[in-house]
Amino acid sequence: MYAIVRAGGRQEKVSVGDVLIIDKVAVKAGESIELAALLLVDGDKVTSDAEKLAKVSVKAEVVEAAKGPKITIMKYKNKTGYKKRQGHRQPLTRVKVTAIEA
């Protein structure tokens, strides 16, 4: 059984035991969160109806806070002496899917 969930602005395919990285969630490590299910596949049975998906719950446990890779931003204007360097690391959260209940 697996589900397609909305997690951090993206859609992710998850099953029980999967560890995924989503955008930062304001929850401490060890606590649980619930992810919104968009599709549920159980063998040959596919559930995509909004009323039935409202009853589906995908629970995940927060493992740790993480950071994305360093991104370097360079701005440069020719012949004017203008250059600017900036960096960014996106805050992320690593979660582990613990249950998919239909």
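Hi everyone. Let me start with a cut-off: a residue counts as exposed when its relative accessible area is over 50%. Keep that in mind for Lys70, which reaches 59% and therefore counts as exposed. Before going further, please remember that what you have in front of you is a predicted model.

So where does Lys70 sit? Lys70 is in the loop that runs between strand 6 (57–67) and strand 7 (71–77). Lys70 also has company: together with Lys67, Arg85 and Arg89, Lys70 makes up a patch of positive charge on the surface.

Now to the salt bridges. How many does a search of the whole structure find? The search turns up three. As a general reminder, side chains of opposite charge can pair when their charged atoms come close.

Let's take Arg10 to begin with. Arg10 pairs with Glu12, and their closest N and O atoms are 3.6 Å apart. Glu12 is partly exposed, at 22% relative accessibility, and Arg10 is partly exposed too, with a relative accessible area of 36%. Arg10 has another partner in Asp23, where the closest N and O atoms are 3.8 Å apart. Asp23 belongs to strand 3 (residues 19–23) while Arg10 belongs to strand 2 (residues 10–14), so this pair ties together parts that are 13 residues apart in sequence. As for Asp23, a relative accessibility of 26% makes this residue partly exposed.

The remaining bridge is formed by Arg94 and Glu64, with 2.1 Å between the closest N and O atoms. Which parts of the chain does this pair link? The link is between distant parts: Arg94 is in strand 9 (residues 91–101) and Glu64 in strand 6, 30 residues apart. Both partners are partly exposed, Arg94 at 26% relative accessibility and Glu64 at 34%. Going back to the earlier bridges for a moment, Arg10, Glu12 and Asp23 are joined into one network by salt bridges that share partners.

Let me turn to some buried residues, beginning with Thr47. You will find Thr47 in strand 5 (residues 45–47). Is Thr47 buried or exposed? Thr47 has a relative accessible area of 12%, which is under 20%, so Thr47 counts as buried. Leaving aside neighbours within four places in sequence, Thr47 is in contact with Leu39, Leu40, Lys52 and Leu53.

That last name brings us to helix 1 (residues 50–53), where Leu53 lies. Leu53 is buried as well, with a relative accessible area of 9%. What does Leu53 contact, once neighbours within four places in sequence are left aside? The answer is Ala37, Leu38, Leu39, Leu40, Thr47 and Ser48. If you look at both lists, Leu39 and Leu40 are in contact with Thr47 and also with Leu53. For a sense of scale, try picking out Leu53 and Gly87 on the screen: these residues are 34 apart along the chain, and their C-alpha atoms are separated by 40 Å.

My last stop is Ser57, back in strand 6. Ser57 is buried, with a relative accessible area of 10%. Which residues does Ser57 touch, not counting those up to four places away in sequence? They are Glu34, Ala99, Ile100 and Glu101. Strand 6 has therefore come up with a buried residue, Ser57 at 10%, and with a partly exposed one, Glu64 at 34%.

That's my tour. Thanks for listening, and I'm happy to go back to any of these residues.

Technical notes. Residues numbered from 1 in each chain as written. Predicted model: local features only at pLDDT ≥ 70, side-chain atom pairs only at ≥ 80, totals over all residues. Heavy atoms only, no water. Helix = DSSP H or I, 4+ residues; strand = E, 2+ residues; numbered from the N terminus. Buried < 20%, exposed > 50% of the residue type's maximum accessible area, 1.4 Å probe, protein only. Contact = heavy atoms within 4.5 Å. Patch = residues over 30% accessible without salt bridge, like charges linked within 9 Å, V, L, I, M, F, W, Y side chains within 5 Å. Areas by Shrake-Rupley, 256 points an atom, 1.4 Å probe, with all protein chains shown as cover. Salt bridge = Lys/Arg side-chain N within 4 Å of Asp/Glu carboxyl O. Lys, Arg positive; Asp, Glu negative; His and termini not counted. Charge placed at Lys NZ, Arg CZ, Asp CG, Glu CD.
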